[in-house]
Amino acid sequence: MSVTDWQTWAPFVDALRRSAPPGTHTSEFVGTVGRGGAQGTYLDDGDAAARRDRDRELALTAARTGGPGPRAELDEALREVAALLPDSEQLVRVVAVHGGGRLGGGAPSGGGAPSGGGARDGGGARDGGGARDRRDARDGGDARDRGDARDRGASPSGDAPVRDVVELITLPPAVVSGPTAPVLEVVLEPGALPASYRETVEPRPDAATAPSADPDAVARVVAERMPDAVGAAPEEIDAAEVALPDGARLPAEVRSLYAAAGSGALKLAPEEGRFGGFEIVPLSGSALREAFLPAARFGTWTADADTVAPRDPADRVQAVIGSPLWFPVGTDGAGNVYAVDLAPGPAGHLGQVVLLDHEVRAGATYRAESLAALLAGRVATPDRPESTTDAGGVSPAGPGAADGPVEFLALDPADWMARFDAGTVPDTLKAAGLVPDRANPPVLTDALAVADRLLALRGLPPIEVVRLTRPARAERKGLLGRLFGR
């Protein structure tokens, strides 16, 4: 069997129904399955709280009696499906309709929330009834419909599903998932970055090295602390310089460091309040050389659209997200990098040392006026950066608040639909967010419908949805079995 066969999912659908709180009409699972496991959200009539509270009580009972946990059957069924996807993950929406729903009653999945409303815990969804399917294939008694999300809007009547449904959802590269929402945003211009991530700095012609800069002192420290070190070949040092943008040159201190040691641990005397050394970052083959470039620091438009770099209060370091002119020379082993600044601010020095912190999303922090000063222990106490942002480096004004073309908007599905109807979706958008409130992600089918309309605006590939439904004959047999206890 494969994940496109109904029989694969039938045990989980049945377990989903059996595990629902009493009185439930429609139970739903939205999440990912594969790579040996599964994770997602369970909803019963659009509500996550009832099952969560009931599972808590059942778990306490199981702990006292030694019986199986409340989700043991569900987890086992999902593991069986996940075993068929050892190297990938499948986004899925599973709906199990209880007896009342099969006979025409029941509340709509998603708790009856209107289009754009949010389920309290995860993405619930209305059934995609009335879809215009591009292909209807039947194999082994399974009903399979293959279509895209723009064909699968909610039923105009808002009725609950009348049959069990499994929807296998394949997102194109332009659709980005998030930790709380399967559909977080749509990137309308592939590879595009926010404006702040596109800002660059250039070497200043008038920038000078600090009086403390001393290539010979750097070489002596390395020779004393790393007597067995092997220096980088002159050709490798020259190649690193040629790769720098804007005709930048490596300071003599950097050349001296690498001529003395191409890699290895430079450990200094562990005196209180003094610099303790670093692991030298090789000139080639190290991921740290690109780890703090703007593209590497970027996560999603939703999180980073308004990220700005903090400003050095003394104007020594230029305020940008990242730059190839911050040349890594050492790492503390915890993911942070010491870099030599080849494009200092007006009050800075060419070759000053800055710290690139892996927990900070933007910018660099001044540490020493030269490499020699750093190795001698003359390290500056980090100043608190001046910024109009919060601690995370994000403007409190929110996405789209800056002057200039609107490149990103984060709206809930209802607001996006209103903009579609009014024709007010900006042509300048590079990305579109669908989760303005992370605590209340939108209903999945609403998000899918909006995402596909956004994709269609730019002629991008649609979201693919394969729908599996329980064969009618097997459903009738199951209903009779339940009525007669078999």
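# Notebook: leucine 16, salt bridges, sheets and cores

**Leucine 16.** I began with leucine 16, which is buried, its relative accessible area being 0%. I should say at once that I am working from a predicted model. Leucine 16 belongs to helix H1. I listed what it touches, skipping residues up to four places away in sequence: Ser27, Glu28, Phe29, Tyr42, Arg51, Leu74, Val94 and Ala96. I also checked valine 95, which is 79 residues from leucine 16 in sequence, with 8.4 Å between the two C-alpha atoms.

**Arginine 17 and its partner.** Next I looked at arginine 17, in helix H1 (residues 6–18). Which side chain does arginine 17 meet in a salt bridge? I found aspartate 164, at 2.9 Å from N to O. Aspartate 164 sits in the loop between strand S5 (142–148) and strand S6 (165–170), so this salt bridge ties together parts of the chain 147 residues apart in sequence. Buried or exposed, these two? I have both arginine 17 and aspartate 164 down as buried. The pair is also part of a salt-bridge network that links Asp14, Arg17, Asp164 and Arg470.

**Other salt bridges.** How many salt bridges does the structure hold? My note says 21. I picked two further ones to look at.

In the first, the side chains of arginine 79 and glutamate 76 meet at 2.9 Å, N to O. Both residues lie in helix H3 (residues 72–82), 3 residues apart, or about one turn of the helix. Arginine 79 is partly exposed at 43% relative accessible area, and glutamate 76 is partly exposed too, at 37%.

In the second, arginine 255 pairs with aspartate 238, and their closest N and O atoms are 3.0 Å apart. Arginine 255 is in helix H8 (residues 252–260) and aspartate 238 in helix H7 (residues 234–242), so the salt bridge ties together parts 17 residues apart in sequence. I get a relative accessible area of 27% for arginine 255, which makes it partly exposed. Aspartate 238 is partly exposed as well, at 36%.

**The six-stranded sheet.** I then traced an open sheet of 6 strands, in the order S9-S10-S11-S12-S13-S14, with antiparallel pairing. Why do S9 and S14 each have one side without a neighbour in the sheet? Strand S9 (264–267) and strand S14 (365–368) stand at the edges with a single partner strand each, so one side is left free of a neighbour. The twist from one strand to the next averages 40 degrees. I zoomed in on the S9 end: S9 and strand S10 (residues 277–280) run antiparallel and are joined by 4 bridges. There I see leucine 266 opposite phenylalanine 278 of S10.

**The four-stranded sheet.** Another open sheet has 4 strands, in the order S7-S8-S16-S15, and its pairing is mixed. Its edges are strand S7 (175–176) and strand S15 (408–410), each with a single partner strand, so each has one side without a neighbour in the sheet. At the S15 edge, 3 bridges join S15 to strand S16 (residues 431–433), and the two run parallel. Alanine 410 faces glycine 433 of S16.

**Nonpolar cores.** Which residues touch the most other members of the largest nonpolar core? Out of 47 residues, I noted Tyr258, Phe278 and Phe327. Helix H11 (residues 371–375) gives the largest share of this core, 5 residues. Phe278 is the residue I had just met opposite leucine 266.

I followed up on tyrosine 258. Leaving out neighbours within four places in sequence, its contacts include Ile237, Ile280, Leu283, Arg289, Phe327 and Val329. There is also a second, separate core of 26 residues, and among its members are Trp416, Phe420, Ala447 and Ala451.

**Proline 203.** Last stop was proline 203, in the loop between helix H5 (195–198) and helix H6 (215–225). Proline 203 is partly exposed, with 25% relative accessible area. Beyond neighbours within four places in sequence, I find proline 203 in contact with Asp246, Ala248, Leu325, Leu342 and Ala343. For glycine 345, 142 residues away along the chain, I noted a C-alpha separation of 9.4 Å from proline 203.

Technical notes
Residues are numbered from 1 along each chain as its sequence is written. This is a predicted model: local features need pLDDT of at least 70, side-chain atom pairs count only at pLDDT 80 or more; totals for chains, interfaces and linings use all residues. Side-chain values use heavy atoms; hydrogens and water are left out. Two strands pair if DSSP finds at least two bridges between them. Axes are lines fitted to C-alpha atoms, for helices over the stretch in contact, and angles run from 0 to 180 degrees between N-to-C directions. Buried means under 20% relative accessible area, exposed over 50%, partly exposed in between (1.4 Å probe, protein chains only). Contact means heavy atoms within 4.5 Å. A salt bridge is a side-chain nitrogen of Lys or Arg within 4 Å of a carboxyl oxygen of Asp or Glu. A nonpolar core is a set of buried Ala, Val, Leu, Ile, Met, Phe, Trp, Tyr and Cys residues joined through side-chain atoms within 4.5 Å.
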